[in-house]
Protein chains: 2
Amino acid sequence: MSTEIEKDFLEYVKKMENFSEARSLMFWDLRTGAPRKGVEQRSEVIGTLSTEIFNMSTSDQMKEYIEALSESADVSEITRKTVEECKKNYDRNKKIPEKEYKEYVILESKSEAVWEQAKAKSDFAMFQPYLEKIVETKKRFLDYWGYEGHKYNTLLDDYEPGITVDILDEVFGNLRKELVPLVQAVKDSSQQPRTDFLFEHFPKEKQRQLSLEILNNLGYDFESGRLDETVHPFAISLNPNDVRVTTKYDEKDFRTAIFGTIHECGHAVYEQNISKDLIGTPLCDGTSMGIHESQSLFFENMIGRHPSFWKANYPLLQKHSNGQFDNVSLEDFYRAINVAGPSLIRIEADEMTYALHVIVRYEIEKGLFSDEIEVKDLPQIWNDKMEEYLGVRPTNDAEGVLQDVHWSGGAFGYFPSYALGYIYSAQMKAAMDKDLPNYGELLAENNIQPIKEWLTKNVHQYGKMKKPVEILKDITGEGINSSYLVNYLRKKYGEIYQF
Amino acid sequence: MSTEIEKDFLEYVKKMENFSEARSLMFWDLRTGAPRKGVEQRSEVIGTLSTEIFNMSTSDQMKEYIEALSESADVSEITRKTVEECKKNYDRNKKIPEKEYKEYVILESKSEAVWEQAKAKSDFAMFQPYLEKIVETKKRFLDYWGYEGHKYNTLLDDYEPGITVDILDEVFGNLRKELVPLVQAVKDSSQQPRTDFLFEHFPKEKQRQLSLEILNNLGYDFESGRLDETVHPFAISLNPNDVRVTTKYDEKDFRTAIFGTIHECGHAVYEQNISKDLIGTPLCDGTSMGIHESQSLFFENMIGRHPSFWKANYPLLQKHSNGQFDNVSLEDFYRAINVAGPSLIRIEADEMTYALHVIVRYEIEKGLFSDEIEVKDLPQIWNDKMEEYLGVRPTNDAEGVLQDVHWSGGAFGYFPSYALGYIYSAQMKAAMDKDLPNYGELLAENNIQPIKEWLTKNVHQYGKMKKPVEILKDITGEGINSSYLVNYLRKKYGEIYQF
């Protein structure tokens, strides 16, 4: 009995996943070269597929499957976790009255348009009424969804299952305490790296060749992927056998393409190495935003900004460039690509300061949902926090509270996962060092294989079969702990800036 | 009342078209660079979408729409023709018992695999039992579908609505009578063009640049399309605002890319200029295989092999090539790209002999479905006809009866549309000459606009709103008439081969 319905359920879920793969390909195509005039009709097609997927995920049929299989003991582990995912999604979508949800979708799209204008004019007042409405609606939705402890916990759970305000308060609190003086020390150092040689003309086609070679050196599988050019770099998984990356070429700053490529490579290698047994289920995906980011950041920083990696790859860079590094020592190059310091814009921040940008946003979001902060006060609070944590103060809202799109789309709870990615990656690196004490040598030989295998064994293969906290616990034996990140940063930047 | 159901019906049809656009993009992607390992899962996704479209086209809901709207007087013209299309499709799919259809699909896929092996071994006997079964099944299907006059008429109607055996017997009969002596005259001429200079090394990237410029000169809209490289060139329409072309580069023969590109450009310009009012309906497509082919052939031959076109574009070709044409006069070049003569393989045939290859196939297909020809006799009949019409005799089945994939997939009735494309294009050209007496001058100035406008006004805009015969009648005032093609070929090749 249970076998028959389990089989039907898996077929049903597979159909949803197949529609989803089709939709993903359309997104990829839209960004990589779809003709301009076709965009409008394409959006309609994406809408049709999205509606179909949504309808299937909230159908009576789905309800029946969930009811029949949730308590069943004799289903496979994959089925059990798939049912869990579907149930979470079903509950989330069904608890909001349809009318309110539709109104919210309209509000969201208006709000994004207004945010764009407000940012261009650097005028928070223009955006304020929309943001107020969005926060208000989200709070009402939270009453429908329910929450344990802090309201914000339910929002966090969307992006990072298992993470709560209690955890973040402690983890981010400790991190902030340690980072603020570190940033100050770097800023005050008299040993600022030379960077002038970074900005010479580096032809796009050469950067592309270099990107391809580096992807290859990093274990990206080109038989399961491809590299294209886009305005904003991204990685997208259609399925583990087709995970594509894109990058952006700036002929006046090669770092955009190279570190962008390495970052996306980390996301892609994660997806390429999820167990093929999970194809056709919603488990065939990174387990959370934070764990995903931990992989891209591991590649970008733990590998791509490690001195040994460049020992192996600096000659490659020199070969492809127009001679801009001919008179630059490896040591000077290493220092230059690790230049750090406070700045106003999150997406331009370095690995040392990045988490502080996130903490500013986390504290504000938490305050909004506990009614301790009002939307109207955001510019002031934002600027004060930036000054306190990073020592820089925005002079207008565009470079302050209006800089990110997230809030205009109601994506509260998203930002923390960026910082968690840094914390996780440092915890993983500390654990990896025990298993691979020759880590630096491996990089110096461009021998990524053991590192990739370690990550696949401990992280990649599971997809959503393990929650983020389980992944971390099984690797490190402990929970989230920001001290590994702090130690890593302090050591690294202490050496570079000599304090 | 009727308005509500009409609206619902159009929504329903639009959803099918949207699924279909998603599927088309997946086909395009598979051929233009999808990673190898992702192909299997991708095929599953295509299967899911195809099943969905098929189910919608044969659903009870569709039946209700057809019944409610077929006789309705107060629906729009677009709705009326859309219902007609849906009804044709519904009837076609519903009349075959499901079990028999499923068996046939399996037979077809087996048969294609066997054909591939049989062709490789040049062994018709291996393929014979499969082909017999396919013909037998198709005959049974024809009893389900019904037919008027000749059984083969129903098969023809799939590709070229309105075309019958009676029409083709007359048209192809006349054509054959005229072409056979023409081919002989060309073969016997002492004035064979020089072609040695065609085969020098022409770098791929240069060919690509040239292809892009020629597409642009031919009025292909790059804001509604793009050019990619594939093993087999094709054009694919996602919707009129997104019609993509591909080409193939042979560095030892630039003609592959250039004439391939021009040919696909003709298909694409057709699709790009279908009225936008038809988007979201099954009418938003070329009206038939034959009319589609008439557009690609118009571009390839009436434009791309016209002396005036090269008057304008020969300098471009010379500029992009590695000097291979530096000492070749425009006149010699023109003669070289119009070299003609009998050959064994249809897809390598020139515009003079092509239709004869089709006529061989037409006569055989007709004989199979009127029980005058048996499958076992095909190699003999094929070779005899080739010798009689083209004066060449295959020495094995691979270069004879096994050369085309069509029959292994049951695509009987398809071949005639290729020859109809030639006939239509010559008829259109004769009509166009009256409206645009300065045709040659326009080409010599690379001024395609008036030609494109003429084709859009008379052919492209209508999509499937007009049947092929209507298109032709409205342009020429008459039905299918092969004498225009004969006159065109006789004049052109008489000049080139001087007889």
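What rotation, and what shift along its axis, superposes chain B on chain A?

## Model and symmetry

This is a predicted model, in which local features need pLDDT of at least 70 and side-chain atom pairs count only at pLDDT 80 or more, while totals for chains, interfaces and linings use all residues. Residues are numbered from 1 along each chain as its sequence is written, chains are lettered from A and ligands numbered from 1 in the order in which they are written, and side-chain values use heavy atoms, with hydrogens and water left out.

Chain B is superposed on chain A by a rotation of 180° with 0.0 Å of shift along the axis, at an RMSD of 0.0 Å, which is the relation of a two-fold axis; the fit is by least squares on the C-alpha atoms of residues with pLDDT of at least 70 in both copies. Among the residues of chain B, B:Ala22 comes closest to the rotation axis, its C-alpha lying at 3.2 Å. Because 100% of the interface residues of chain B are also interface residues in chain A, the copies meet through the same surface.

## Nonpolar cores

A nonpolar core is a set of buried (under 20% relative accessible area, 1.4 Å probe, protein chains only) Ala, Val, Leu, Ile, Met, Phe, Trp, Tyr and Cys residues joined through side-chain atoms within 4.5 Å. The largest such core has 127 residues, of which B:Phe172, B:Ile303, B:Phe333 and B:Ile451 touch the most other members. Helix H16 (residues 415-435) of chain B gives the most to this core, with 11 residues, helices being DSSP runs (H or I, at least four residues) numbered from the N terminus. Apart from it lies another core, of 126 residues, which includes A:Phe202, A:Leu218, A:Leu402 and A:Ile448.

When residues up to four places away in sequence are not counted, B:Phe333 is in contact (heavy atoms within 4.5 Å) with B:Phe197, B:Phe254, B:Trp310, B:Tyr314, B:Leu317, B:Phe325 and B:Val328.

## Two loop residues with positive phi

Most residues other than glycine have a negative phi. B:Ser122, however, which lies in the loop between helix H5 (98-121) and helix H6 (124-145) of chain B, has a positive phi of about 55°; at 24% relative accessibility, B:Ser122 counts as partly exposed, a class lying between buried and exposed (over 50%).

B:Asn446 also has a positive phi, near 55°, and lies in the loop between helix H17 (439-444) and helix H18 (449-458) of chain B. With a relative accessible area of 24%, B:Asn446 is partly exposed.
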